[in-house]
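Work through these short exercises on charged side chains. Each task is followed by a stepwise solution.

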Amino acid sequence: MGLSAVSGFAFRPFGTPLGTRPTVLSFPQHAIVNRHISRRKPLRGYWTLIELLKKIVGAEKVSTHASTLESVSIDESTLPAVRPAVLVRAENKNDVVTVVQFAAEQKIPVTARAAGSALEGSTIPLSGGIVLDLTGMNKIIEFWPEDLQVRVEPGVVYEKLNEYLKRESLFFPPAPGGSSDVATIGGMVSTNASGIYSVKYGGTKNFVLGLKLVDGIGKEHDFGSRAVKSSSGYNLVDLIVGSEGTLGIITEVTLKLAGIPEGNRQIAFKFRSEKDAAAAVSEMMRYGLDLAAVEFLDRDVIAALNLLNDYGLEEVPCLFLEIHGAEAVLEATAEAAADLSGDLGGQSLNLTSGQNPWEIRHHVTDAIKLRRLGYTIIRNDAAFPISALPEMVECCHELSEESGLLIHAFGHVGMGLIHALILARRDNAEEWERALDVNRKIIDKAVELGGHISGEHGIGLGHKATFAEHFGELLPLMRGLKKVFDPHGILNPGKIFDL
């Protein structure tokens with residue numbers, strides 16, 4: 001979208017879905033300014049907002065190239081793309097402040113983004129405007145190994161952070177599953193991400209001690225401290241964690257860390273039914289087994305894995321457990337888990353190849369994607385009390401039978417979180433609507449059982465309507481908080497709830 005001071009240009013209005021024919025506008029019809037920028041000398045002639053943006057942050061950081069804008073119009077969800085007007089690559093917090101102050105003055109939407117690995121549309125620029133790319137803010141600022149703490153910029157990748165930390169035998173535990181190699185700390189904080197080890201260590205919010213962010217008028221704030229415990233006024237750190245970039249743009253995060261365990265052991269069991277496997281998890285949690293990870297795969301997931309790589313597994317539900325600690329702890333916990341599983345008909349799971357059974361867990365999502373070519377995944381990540389797990393699993397299978405749709409249920413069941421991935425054809429309107437209805441029913445069941453809509457992916461766009469349906473009485477409070485942090489409503493608008 002090259003701009004000229006002597007002619008009109010093709011312009012796609014903010015928030016217009018891809019595929020819409022651009023409108024050719026002359027400068028007087030577009031947003032043109034002829035004013036001072038901060039305390040700089042006045043610019044001569046007419047300038048578009050994008051040209052002004054280039055002036056204040058540097059042209060090399062600003063892109064309006066079509067392929068670039070299309071690459072940031074989507075994330076890892078299956079939601080429709082929306083192309084922004086411009087991308088700005090921030091290199092430091094001053095760039096963030098400058099862009100947000102400019103956007104606030106001009107009332108332009110800003111969507112912060114890094115890897116774009118969000119699963120519910122959190123980083124899709126629904127209202128167009130500016131996408132602020134934070135991947136260039138990837139420095140480890142300070143490291144205090146003696147305090148088990150580190151301070152980082154938001155663009156630091158999870159896997160690279162742990163590579164750095166292991167020199168001091170430390171790590172940041174909330175592993176974000178298959179996206180560990182791309183997921184950034186800022187994104188994890190924004191959605192309160194969790195992962196396979198959250199059953200032992202907790203989710204992202206359990207590790208955030210402090211953060212710096214820029215609010216909706218470009219003002220910097222410094223929340224929290226390096227103290228591990230605080231009882232000092234409102235906990236503004238926890239307010240920001242999980243807010244999906246709607247209250248501010250994070251520029252620094254101070255994390256507490258954990259020591260790399262002395263040893264670990266991975267074991268797996270197969271069961272006759274999903275109900276028995278779910279009951280085994282409930283029993284293990286009730287008896288206080290110190291498990292680092294408890295992963296559940298239903299029979300349809302095992303079938304998908306067999307199709308992917310011919311593992312030759314019996315197609316029954318399975319549990320995958322990981323234990324951390326000294327050898328005596330590993331041995332005692334593994335024995336107790338085997339006894340409790342055995343009481344419910346569980347048997348040790350072994351691969352004919354002699355591989356560690358945990359190796360197949362990493363291929364689950366790819367196996368489901370490839371099971372039916374031409375089908376699209378509709379996903380959820382419902383959270384619920386652990387005791388409700390058997391009922392949730394049965395609900396998924398009953399809905400699968402009733403609807404005729406293939407549903408794959410798996411997840412971090414040790415903390416009461418399940419992913420039910422539904423396969424449907426987007427080009428079949430009736431089937432697609434049926435799948436969306438099934439997805440809503442699964443979430444409704446979790447809420448009915450005392451749970452919540454999302455355990456780790458966030459609300460984003462994908463669950464916004466369901467969130468309003470179940471928790472609409474909370475929206476006035478949330479809108480009030482949004483107004484305090486973002487009075488013009490420019491930060492990631494349209495996410496979690498409508499203004």
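**Exercise 1: a buried glutamate**

Glutamate 244 is buried (under 20% relative accessible area, 1.4 Å probe, protein chains only). It has no salt bridge (side-chain nitrogen of Lys or Arg within 4 Å of a carboxyl oxygen of Asp or Glu). The nearest side chain of opposite charge, lysine 495, is 7.0 Å away. The model is predicted: local features need pLDDT of at least 70, side-chain atom pairs pLDDT 80 or more, while totals for chains, interfaces and linings use all residues. Numbering runs from 1 along each chain as its sequence is written, and side-chain values use heavy atoms, without hydrogens and water.

Task: find which polar atoms meet the side chain of glutamate 244.

Step 1. Take side chains. Serine 122 makes a polar contact of 2.9 Å with glutamate 244 (N or O atoms within 3.5 Å, one able to donate a hydrogen and the other to accept it; residues adjacent in sequence count only if both atoms are side-chain atoms).

Step 2. Take the backbone. The nitrogen of isoleucine 459 lies 2.7 Å from a polar atom of the glutamate 244 side chain.

**Exercise 2: a salt bridge within a helix**

Task: locate the salt bridge between glutamate 430 and arginine 434 and state how accessible each residue is.

Step 1. The closest N and O atoms are 2.7 Å apart.

Step 2. Both residues lie in helix 14 (residues 429–448), four residues apart, about one turn of the helix.

Step 3. Glutamate 430 is partly exposed at 49% relative accessibility (the class runs between under 20% and over 50%). Arginine 434 is partly exposed at 25%.

Methods
Lys and Arg count as positive and Asp and Glu as negative; His and the chain ends are not counted. Helices (H or I, at least four residues) and strands (E, at least two) are DSSP runs, numbered from the N terminus.
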